[in-house]
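Subject: Structure handover

Hello,

Here is the structure I promised to pass on. Please open it beside this email, and my notes follow below.

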Amino acid sequence: FPSEEYEFIKIEAQDSTGSLNGIDKKKAEPTCCSATLQDLLPYTTYQVVVKAVNMEGIGPPSHDATATTKEDAPNNPPPRLRCSPMTAHSVLVSWDDLPSSQARGKLLGYRVRYSAYGTFVSPRSETTSSLSVALRNLTPFTNYT
């Protein structure tokens, strides 16, 4: 078993829902103790505690340390996309808000890309922070994607 220059430590991380997303048991030198927790959720705050472990058992937990993982791109499109005609040359595109669990960070806005169906022109785009955007200057009797 390990000599006096090594200890075993136990790292526990739990998110705000109380679920335990990672436990890592590592052998570390007492003067340099660190561990990397893997497979955590993006943009999630975790409380981390460290417990020392020896042949007699597991010691008391350290004070909690709080850390938030970095943002990632949203993992789903906004739900319930709808298009409503406004005039012969415009439509209103609307959608429901993306749930924060799927935003995986601070949502800055939405980009709507569109082009006439079956054409090879570069798509146009509109960016907005609201839940709808009016697309104007469209060609009458034309489908858009």
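Which residues of strand 10 form the covered face, and which form the uncovered one? Val 133 and Leu 135 are on the covered face. Ser 132 and Ala 134 are on the uncovered face. The strand itself runs over residues 132–135.

Before you go further, note that this is a predicted model. Every value below was computed from it.

Overall layout

The chain has 145 residues, and buried residues make up 21% of them. It contains one helix and 10 strands. Along the sequence the pattern reads β-β-β-β-β-β-β-α-β-β-β. Take the contacts between residues at least 6 apart in sequence: 47% of these join residues at least 24 apart.

Strand 10 and its partner

Strand 10 pairs with strand 7. The sense is antiparallel, and there are four bridges. In this pairing, Leu 135 of strand 10 stands opposite Val 91. Leu 135 also belongs to the covered face of strand 10.

The largest pocket

The volume of the largest pocket is about 630 Å³. Its lining has 36 residues, and the closest to the centre are Leu 81, Val 93, Trp 95, Val 112 and Arg 113. By type, the lining divides into 22 nonpolar, nine polar and five charged residues.

Which strands supply at least two residues each to this lining? They include strand 6 (82–87), strand 7 (90–94) and strand 8 (110–114). Strand 8 gives the most, with five residues. Strand 7 thus turns up twice in these notes: it supplies lining residues, and it pairs with strand 10.

Arg 104 and the loop before strand 8

Arg 104 sits in the loop between helix 1 (100–103) and strand 8. A polar atom of its side chain is 3.0 Å from the backbone oxygen of Ala 73. Setting aside neighbours within four places in sequence, Arg 104 touches Pro 42, Tyr 43, Glu 71, Asp 72, Ala 73, Pro 74 and Asn 75.

Leu 108 is in the loop between helix 1 and strand 8 too. Is Leu 108 buried or exposed? It counts as exposed, because its relative accessibility is 78% and the cut-off for exposed is over 50%. Leu 108 and Ser 129 are 21 residues apart along the chain, and their C-alpha atoms are 6.6 Å apart.

The loop between strands 2 and 3

Strand 2 covers 20–28 and strand 3 covers 45–54, with Leu 41 in the loop between them. Leu 41 is partly exposed, at 46% relative accessibility. Its C-alpha lies 9.6 Å from that of Ser 101, while 60 residues separate the two in sequence.

Tyr 43 lies in the loop between strand 2 and strand 3 as well. It is partly exposed, at 35% relative accessibility. Tyr 43 is also among the contacts of Arg 104. Look at its backbone: phi is near 50 degrees, a positive value in a residue other than glycine. For context, most residues other than glycine have a negative phi.

After strand 10

Phe 141 is in the segment after strand 10. Its phi is positive, about 55 degrees, although Phe 141 is not a glycine. The residue is exposed, with a relative accessible area of 91%.

Tyr 144 is found in the segment after strand 10 too. Why does Tyr 144 count as partly exposed? Its relative accessibility is 26%, and partly exposed lies between the cut-offs of 20% and 50%.

What does Tyr 144 contact, leaving aside neighbours within four places in sequence? The residues are Tyr 114, Ser 115, Ala 116, Tyr 117, Arg 124, Leu 138 and Thr 139. With Thr 139 there is a polar approach: the backbone nitrogen of Thr 139 is 2.8 Å from a polar atom of the Tyr 144 side chain. Tyr 144 and Gly 118 are 26 residues apart in sequence, with 8.6 Å between their C-alpha atoms.

Where to look on screen

Start with strand 10 and its pairing with strand 7. Move on to the pocket lining around Val 112 and Arg 113, two of the residues closest to its centre. Then take Arg 104 with Ala 73. Finish with Tyr 144 and Thr 139.

Best wishes

Methods:
Residues are numbered from 1 along each chain as its sequence is written. This is a predicted model: local features need pLDDT of at least 70, side-chain atom pairs count only at pLDDT 80 or more; totals for chains, interfaces and linings use all residues. Side-chain values use heavy atoms; hydrogens and water are left out. On a 1 Å grid over the protein atoms alone, a cavity is a set of points where a 1.4 Å probe fits but cannot get out, and a pocket is an open set with protein on both sides within 12 Å along at least five of seven lines; lining residues have an atom within 4 Å of a point. Grid points are joined across faces, edges and corners, and a volume is the space filled by probe spheres set on the points. Ala, Val, Leu, Ile, Met, Phe, Trp, Tyr, Cys and Pro count as nonpolar, Asp, Glu, Lys and Arg as charged, and the others, Gly among them, as polar. A polar contact is a pair of N or O atoms within 3.5 Å; within protein, one must be able to donate a hydrogen and the other to accept it, and residues adjacent in sequence count only if both atoms are side-chain atoms. Contact means heavy atoms within 4.5 Å. Buried means under 20% relative accessible area, exposed over 50%, partly exposed in between (1.4 Å probe, protein chains only). Two strands pair if DSSP finds at least two bridges between them.
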